[in-house]
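Student: I'd like a close look at one part of this protein, followed outward to whatever it connects with. Could you walk me through it in one go?

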Amino acid sequence: SEEETKAAGGKLIMVTNAEFPPYEYHEGGEIVGIDADIARAIADELGMELEIEDIAFDSIIPELTSGKADFAMAGMTVDEKRKQSVDFSDTYAKASQRIIVKSDSAIATPDDLKGKVVGVQQGTTGDLYVSDLEADNTTVERYNKGFEAVQALSQGKIDAVVIDGEPAKVFVEQTDGLKILDEAFTDEEYAAAVKKGNTELLDKINGALKNLKESGKLDEIVAKYISA
Ligand code: ARG
């Protein structure tokens with residue numbers, strides 16, 4: 001049976017931070033989203049069982065390096081600094097950091113963030129890049145969850161939020177009086193991550209990703225969560 005095959009193939013533990021729709025979020029007691037579905041499809045390709053663990057975003061890399069989890073899929077941006085501790089798979093999505101402001105805000109471009117109070121999710125690339133503006137008197141407010149930053153903006157506690165484009169769209173849709181600026185703050189790409197040096201698993205993930213890309217399954221998963 002399929003179950004027996006999976007038991008023989010072993011188990012993969014995937015870590016994520018399920019506060020990031022449409023890539024990973026909670027729905028009906030389950031973790032769903034593009035990354036969750038891709039991870040399940042990868043495990044299926046490999047004939048392995050999948051367990052998804054939901055942890056703080058900035059605990060994901062330590063969880064990989066300590067060997068507690070096998071791989072991460074968390075809308076994680078391929079980043080040179082992170083490559084010191086993890087290896088990234090082939091990329092599976094293009095992304096960008098976007099700026100959310102109040103509908104009537106005077107902030108119109110990334111440059112206008114200088115000297116402002118900007119909210120980010122702790123440990124994300126949004127955090128890294130906005131922190132570069134601290135030299136220009138920008139104040140960075142770091143939140144555990146991206147949506148908490150959006151709520152703080154909506155309550156007038158901060159001037160802007162920098163977060164990935166797709167969750168930005170979801171959060172702005174759920175909140176009155178906010179808009180996303182046209183100009184992206186950065187362009188990025190998402191990949192799965194494994195502990196540095198785990199080439200055996202990395203090769204397997206890349207092989208599975210290739211099959212999912214070629215069969216159209218990957219596009220199918222994305223289309224289920226993002227309307228073109
Ligand atoms: N792409 C950004 C990064 O890699 C944000 C990812 C946040 N992901 C999440 N599941 N909360 O830093």
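Tutor: Here's a walk that begins at one strand of the core and moves outward from there. Keep in mind that this is a predicted model.

Let's start with β12 (186-195). This strand is mostly covered, with seven of its 10 residues buried. Two other strands are worth following from here. With β7 (86-102), β12 runs antiparallel, and nine bridges join the two. One place to look along that pairing is Ala 95, which stands opposite Glu 188 in β12. The other strand is β6 (71-72), which pairs with β12 over two bridges, again in the antiparallel sense. There, the bridge partner of Phe 71 is Val 194 in β12.

Phe 71 is a good residue to stop at. Setting aside neighbours within four places in sequence, Phe 71 is in contact with Leu 12, Met 14, Ala 192, Ala 193, Val 194, Leu 201 and Ile 205. Pick those out in the viewer and you'll be looking into the largest nonpolar core, a set of 42 residues. Phe 71 is among the residues with the most contacts inside this core, alongside Met 14, Ile 38, Ala 72 and Ala 193. The contributors of at least two residues each are β1 (11-16), α2 (34-46), α3 (60-65), β6, β7, β12, α7 (199-214) and α8 (217-225). Of these, α2 gives the most, with seven residues. There's also a second, separate core of 22 residues, which includes Val 118, Ala 160, Val 162 and Val 172.

Now cross from β6 to β1. These two pair in the parallel sense over two bridges, and Val 15 stands opposite Ala 72 in β6. β1 also pairs with strand β5 (residues 49-54), in the parallel sense and over six bridges. In that pairing, Ile 13 stands opposite Glu 51 in β5. If you're following side chains along these strands, recall that in a regular strand they alternate between the two faces of the sheet.

Further along the chain there's a separate piece of pairing to look at. An open sheet of three strands has the order β2-β3-β4, with antiparallel pairing. Its edge strands are β2 (19-20) and β4 (30-32), each of which pairs on one side only. Strand β3 (residues 24-27) meets β4 over three bridges. His 26 lies in β3, and its bridge partner in β4 is Ile 31. Not counting residues up to four places away in sequence, His 26 touches Ala 18 and Ile 31. His 26 counts as partly exposed because 13 other C-beta atoms lie within 10 Å. For a sense of scale, His 26 and Gln 84 are 58 residues apart in sequence and 31 Å apart in space, C-alpha to C-alpha.

Two backbone details deserve a glance as well. Most residues other than glycine have a negative phi, and most peptide bonds are trans. Against that background, a cis peptide bond joins Pro 21 and Pro 22, with omega at about 0°. Pro 22 sits in the loop between β2 and β3. The other detail is Asn 137, which has a positive phi of about 70° although it is not a glycine. You'll find Asn 137 in the loop between α4 (125-131) and β9 (139-143). Asn 137 counts as exposed, since it has 9 C-beta neighbours inside 10 Å.

Now step back to the whole chain. The protein chain is divided into domain 1 (2-93 + 190-225) and domain 2 (95-186). The centres of the two domains, taken over C-alpha atoms, are separated by 26 Å. Their contact takes 13 residues from domain 1 and 14 residues from domain 2. On the side of domain 1 that touches domain 2, there are eight nonpolar, two polar and three charged residues.

That leaves the ligand. 14 residues surround it, and the closest are Asn 17, Phe 20, Ala 74, Thr 77 and Thr 124. This shell draws at least three residues from each of domain 1 and domain 2. By class, the shell has four nonpolar, seven polar and three charged residues.

Key. Residues are numbered from 1 along each chain as its sequence is written. This is a predicted model: local features need pLDDT of at least 70, side-chain atom pairs count only at pLDDT 80 or more; totals for chains, interfaces and linings use all residues. A residue is near a molecule or strand if its C-beta atom, placed from the backbone, lies within 6 Å of it. Ala, Val, Leu, Ile, Met, Phe, Trp, Tyr, Cys and Pro count as nonpolar, Asp, Glu, Lys and Arg as charged, and the others, Gly among them, as polar. Domain bounds come from an automatic or database domain assignment. A nonpolar core is a set of buried Ala, Val, Leu, Ile, Met, Phe, Trp, Tyr and Cys residues joined through C-beta atoms within 7 Å. A residue is buried if 20 or more other C-beta atoms lie within 10 Å of its own, exposed if 12 or fewer, and partly exposed in between; C-beta atoms are placed from the backbone. Helices (H or I, at least four residues) and strands (E, at least two) are DSSP runs, numbered from the N terminus. Two residues are in contact if their C-beta atoms, placed from the backbone, lie within 7 Å. Two strands pair if DSSP finds at least two bridges between them.
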